[in-house]
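Here is a short tour for anyone meeting this structure for the first time. Have a look at the model, then read on.

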Amino acid sequence: MVRRLLLCWFTLCLMLPLQAQDYARQNIDLDLLVQELFARQDDENINYEDFYETLFQYYQRPIDLNHTTPEELASLYLLSRPQIASFFDYQEQNGKLLSIYELQAIPDFDLLTIYQLLPFVRVQDAGLQADQRPLWQRVIGEDNNALTLRYERTLQQRRGYSPVDTSSRSTTRYLGSPNKLLLRYRVGHARDYSFGITAEKDAGEEFTWSPGTRRYGFDYYTAHLQLYNRGRFKTIALGDYQLQFGQGLLLSSGYSVGKGSETITTVSRPNLGIRPYNSVLEYAFLRGAAVTYTAGKIDVTGFYSNKRIDANLQAQPDTLSTFNNFFTGIQTTGFHRTPTELANKHQAREQVYGANAYYKSDNRAFSAGITAMGIHYSSPIQKAGAPYQRFEFNGTSNYNIGANYSYTWQNVYLFGETAMSKSGGTGSVNGLIANLSNNIELSMLYRYYARNFHTFYGSAFGEGTRNINEQGFYTGIKIRPMPKWEITAYYDRFRFPWLRYLVDAPSYGHEYLVRLYFRPNRQSSLYAQMRYESKGRNIVNNTTNIDYVAQTDRRNFLVYFETTPTRTLNLKSRVQFSTYSHESPRSTGYLIAQDVNFTFDKIRLSTRYALFDTDSYDTRQYAYERDVLGAFSIPAFSGKGTRVYALLQFRPLQDLDVWIKYGITHYRNQDTIGSGLDTIEGPRRSDVKAQVRYKF
């Protein structure tokens with residue numbers, strides 16, 4: 001009775017913003033969420049597209065809080081591990097949630113966190129029974145069933161589409177049209193099934209039927225079918241999929257984030273197991289089958305993948321070798337626009353196989369897992385022999401074995417993973433997250449990746465693009481001094497014991513970030529952020545016999561303000577400034593952007609006007625742009641100029657949504673834009689994008 005009285009009180013407190021138990025779920029502003037959580041958007045190593053795709057899928061199929069797991073909640077990167085432990089402690093003491101409003105009764109849950117969480121979670125009626133109809137009937141009747149078609153094009157002609165100039169030495173041209181096309185169909189129901197197929201043609205690629213060059217209409221296809229909770233089989237996957245175990249040291253799905261203004265929830269990685277793959281990234285997935293079988297407290301996963309990869313095969317100079325060809329590395333661009341790119345398409349075969357056993361205690365406080373996997377290529381990888389590549393992988397086969405753990409003790413969460421590769425190199429990442437008080441959270445992480453540690457599908461926490469040749473210690477903190485204020489900061493110190501690309505000596509570096517966030521009400525938010533990074537790099541145009549490594553210093557400053565004065569109007573203002581120095585005169589760059597957005601019943605209009613001015617590419621400015629549903633755009637601006645875009649969304653029919661985006665970037669004092677085959681003659685680039693989405 002007391003619980004129901006409290007629930008009525010919480011409902012009254014939240015009635016205005018939420019309106020009902022199944023509150024009206026408005027169009028989610030994922031760009032704002034990304035900016036608030038991961039305000040460092042100049043890290044090109046982060047797979048933002050996969051991150052966006054996963055969050056969007058959670059928005060379409062919200063997590064049922066009464067039938068979820070700690071790892072699933074952690075994958076949102078909105079709740080810290082102590083908060084997740086508090087949520088399950090509350091459920092154990094009080095039973096399943098009766099309403100979404102009951103989140104306010106959970107210790108350690110503040111209103112800011114709840115509002116961020118609401119678009120991705122739900123509470124089903126306690127008496128709702130599972131749908132017992134056959135699978136095909138559930139698919140036909142599923143609301144989350146949509147087909148998406150997308151068209152993109154740069155209006156100005158690039159050099160790659162122009163007639164061949166016989167007076168020029170470059171006679172290569174793109175084989176296809178400048179149109180970029182995408183088709184995507186997906187249907188699924190949480191904890192039941194997921195099916196999807198995606199087809200894409202990049203700009204410059206041919207839309208043709210040519211089995212000899214492995215082209216069948218679109219240049220790229222991906223499809224998946226996953227079934228969940230079939231008896232003891234937790235997951236059955238066919239087609240394309242991803243795996244994420246432990247801290248992602250051996251297998252990481254790509255859905256992970258790097259260092260940013262969210263200094264607590266993003267440090268550890270969730271143990272998600274098998275995940276569907278529906279992205280247009282043409283390399284970061286496994287193709288074959290995987291299955292997870294539950295045996296008591298242990299989940300056992302087996303997987304096998306067999307797919308072709310892009311590689312530039314070269315004739316083997318060693319006549320004693322058992323292989324006729326070799327390649328220096330996997331090509332991950334996914335472009336097949338020119339004869340050379342097309343000739344490299346799917347030239348090598350990659351096989352990945354292995355298993356994982358994952359144990360979780362009854363009270364969810366402790367978990368541990370072990371992973372063993374192997375990878376085999378049809379032709380050997382042979383690096384070019386540069387000094388920094390001395391300890392890189394060479395050969396056809398690699399093997400890994402590793403173990404991971406996590407343990408929650410009161411308000412402290414401990415986690416880690418350690419692995420070894422065939423070469424004998426080891427990698428290890430270990431950390432903790434602690435709630436020091438109701439208003440202070442702390443995270444610490446140490447990683448060690450040997451210079452001969454090799455993992456092809458791992459992406460654990462680190463400074464480098466791969467988990468190799470790195471040691472570092474990270475400390476993050478989040479402080480809420482007052483209800484509407486939040487301070488986040490981190491400091492990371494790292495070193496690279498061996499040489500790296502463009503760094504011809506062992507090097508070191510450090511980085512720190514401080515952000516002050518203020519949210520006076522649900523309609524407005526303001527934050528200011530500063531980040532500094534120092535890292536070693538070869539001196540440019542060095543005249544000595546040995547390349548000289550010196551520290552680069554990069555500083556970034558950002559101020560962001562958003563307000564929604566009326567239900568129709570939304571305003572966003574952004575000012576960012578950066579400096580860069582490397583034993584040379586300091587270069588600077590800035591960007592000022594103003595967004596004006598309108599939301600009506602069936603129409604949504606988003607606009608931006610931005611000014612940018614940079615001294616060099618080293619001070620380029622990254623700024624997130626609102627895009628069509630399912631797309632993610634963080635363009636980089638270098639030089640001097642303006643950027644203007646408008647995005648119109650409307651719904652002509654009940655089940656049909658249409659997006660149209662037009663953007664134009666004008667550069668001052670430039671006669672050309674881009675380089676190589678992407679060169680545009682003139683100072684202006686215009687892009688158009690159109691998308692339709694039909695819900696069956």
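Which residue in β4 is the bridge partner of Asn145? In this predicted model, that partner is Val187.

**Around Asn145**

Let's stay with Asn145 for a bit. Asn145 belongs to strand β3, which covers residues 145–154. Is Asn145 buried or exposed? With a relative accessible area of 6%, Asn145 is buried, because buried means under 20%.

Leaving aside residues up to four places away in sequence, Asn145 touches Val139, Tyr185, Arg186, Val187, Tyr694, Lys695 and Phe696. One of these neighbours, Tyr185, also makes a polar contact with Asn145, side chain to side chain, at 2.6 Å. Tyr185 has a second role to notice: together with Phe195, Tyr694 and Phe696, Tyr185 forms one aromatic cluster. Two other members of that cluster, Tyr694 and Phe696, are also on the list of residues that Asn145 touches.

**From β3 to β5**

Now for the strands themselves. β3 pairs with strand β4 (residues 180–189) in the antiparallel sense, over eight bridges. β4 in turn runs antiparallel to strand β5 (residues 193–201), and nine bridges join β4 to β5. If you'd like one pair to look for there, Arg184 has Thr198 as its bridge partner in β5. The hairpin of β4 and β5 has three residues between the strands, and Arg191 in that hairpin takes a positive phi near 65 degrees. As a reading tip for the strands, side chains in a regular strand alternate between the two faces of the sheet.

**Positive phi in two loops**

Positive phi values also turn up at Asn469 and Leu502, each a residue other than glycine. Asn469 sits in the loop between β20 (440–449) and β21 (470–479), while Leu502 is in the loop between β22 (485–496) and β23 (507–521). Here they are side by side.

| Residue | Phi | Relative accessibility | State |
|---|---|---|---|
| Asn469 | near 55 degrees | 7% | buried |
| Leu502 | near 65 degrees | 34% | partly exposed |

**Rings and charges**

How many aromatic pairs does a search of the whole structure find? The search turns up 29 aromatic pairs. One to look at is Phe598 with Phe600: the ring centres are 6.5 Å apart and the planes are at 5 degrees, so this pair is stacked. The cut-off behind that label is an angle under 30 degrees between the planes. Phe598 counts as partly exposed at 28% relative accessibility, and Phe600 is partly exposed too, at 46%.

Some rings have a charge over them. Arg337 lies over the face of Phe335, at 4.2 Å from the ring centre. Elsewhere, the charged end of Arg515 is over the ring of Tyr527, 4.8 Å from its centre.

**The whole chain**

Time to step back. The chain has 696 residues, and 51% of them count as buried. Its secondary structure comes to eight helices and 35 strands. If you take the contacts between residues at least 6 apart in sequence, 62% of them join residues at least 24 apart. On the outside, the chain exposes about 31,500 Å², and carbon and sulfur atoms supply 56% of that area.

Key:
Residues are numbered from 1 along each chain as its sequence is written. This is a predicted model: local features need pLDDT of at least 70, side-chain atom pairs count only at pLDDT 80 or more; totals for chains, interfaces and linings use all residues. Side-chain values use heavy atoms; hydrogens and water are left out. Rings of Phe, Tyr and Trp (its six-membered ring) pair if their centres lie within 6.5 Å; planes under 30 degrees apart count as stacked, over 60 as edge-to-face and the rest as tilted. Buried means under 20% relative accessible area, exposed over 50%, partly exposed in between (1.4 Å probe, protein chains only). A charge sits over a ring if NZ of Lys or CZ of Arg is within 6 Å of the ring centre and within 35 degrees of the ring normal. Helices (H or I, at least four residues) and strands (E, at least two) are DSSP runs, numbered from the N terminus. Contact means heavy atoms within 4.5 Å. Accessible areas come from the Shrake-Rupley method with a 1.4 Å probe; for residues, only the protein chains shown count as cover. A polar contact is a pair of N or O atoms within 3.5 Å; within protein, one must be able to donate a hydrogen and the other to accept it, and residues adjacent in sequence count only if both atoms are side-chain atoms. Two strands pair if DSSP finds at least two bridges between them.
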